[in-house]
Amino acid sequence: SDTLHIYEDEEIILDCSYFDPNKKYQYQKQTIFKGSSFVIDHVVDVDSPDGDLSLFNSPVSLVWDVGINNTEKNLYDDVSYSGASVSYNQEIETVSFIPNNITDNLDASIYSGGIDWAAIRTKYFILAMIPGHQGGGVVEARVRGVSQYLSSDQVIPKYAIEVSGNLVNAESSDVKMHIKSYLGPLDIDKINALDTTLDRIMNFGWFIIQPFSRGILWLLKFLHSFGLNYGVILILFAFLVRVVTGPLTKKSF
């Protein structure tokens, strides 16, 4: 297969279409890849040759059912961080499990509306679907198969997500769906740029200590922006904590 290289100032647009002969609907899907972003835009238009979409009620869905490849050699550690999450009416629900055998699956969780985003994550990476308008969604957990890094009787899960919905324009009778997907690292700055609550999929601890956790992360990334190695930064941070807590330690003694 051919490999497409996208430079930072370029984008690639893939167009595909499908005609349903039974219902006489034309589906057109446009997928936009940008070299400067981990965000992929998906736009689906539904049209009818006779111009009548008044009876259109079929759900339009974007599905990702192949999971995310694990990147850790210690797969047990990677699997323990993996899961599928959905933000439903501002509440986040997560599906996560460690299967016992190749037939071990979890039932799909179906949401009929109010989906802000749905995502699959591993320890360091994430695939998220963010609809342009709130729609329905499905979250599943299935077994992917036996891994070469685990013993023959151990398996790892494969997560699947689906986001569906349509937006009907009453004036032009157009049916259109726009979904953004983010496929990239669990980087707080890149995820915050999506202007969603997706950053809550990252574990910052209990609600009361989250401001401190986020503040420490900001400080570490700020020091890293000066070109310092993270190993050096952690040593400096340890000294900083020692200076701050030193008087309290002395007082307790």
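Across this predicted model, pLDDT averages 80. A score of at least 70 is reached by 82% of the residues. Confidence varies among the secondary-structure elements. Strand S8, spanning residues 125–131, has the highest value, at 91. The lowest falls in strand S11, residues 167–169, with a mean of 56.

The secondary structure of the protein consists of 12 strands and 4 helices. The chain holds 253 residues, and 36% of them count as buried. The exposed surface of the protein comes to about 16,000 Å². Carbon and sulfur atoms contribute 55% of that area. Contacts were also examined by sequence separation. Of those between residues at least 6 apart in sequence, 60% link residues at least 24 apart.

Ser 85 was considered individually. This residue lies in strand S5, which covers residues 83–88. Its relative accessibility is 2%. Ser 85 therefore counts as buried, since that value is under the 20% cut-off. The side chain of Ser 85 makes a polar contact with the side chain of Thr 94, at 2.9 Å. Thr 94 also appears among the residues in contact with Ser 85 once neighbours within four places in sequence are set aside. Ile 92 and Glu 93 belong to that set as well. So do Trp 117, Ala 118 and Ala 119. Ile 201 completes the list. Ser 85 thus combines a buried position with a side-chain polar contact to Thr 94.

Note on methods
Residues are numbered from 1 along each chain as its sequence is written. Side-chain values use heavy atoms; hydrogens and water are left out. Helices (H or I, at least four residues) and strands (E, at least two) are DSSP runs, numbered from the N terminus. Buried means under 20% relative accessible area, exposed over 50%, partly exposed in between (1.4 Å probe, protein chains only). Contact means heavy atoms within 4.5 Å. Accessible areas come from the Shrake-Rupley method with a 1.4 Å probe; for residues, only the protein chains shown count as cover. A polar contact is a pair of N or O atoms within 3.5 Å; within protein, one must be able to donate a hydrogen and the other to accept it, and residues adjacent in sequence count only if both atoms are side-chain atoms. pLDDT is the predictor's confidence in each residue, from 0 to 100.
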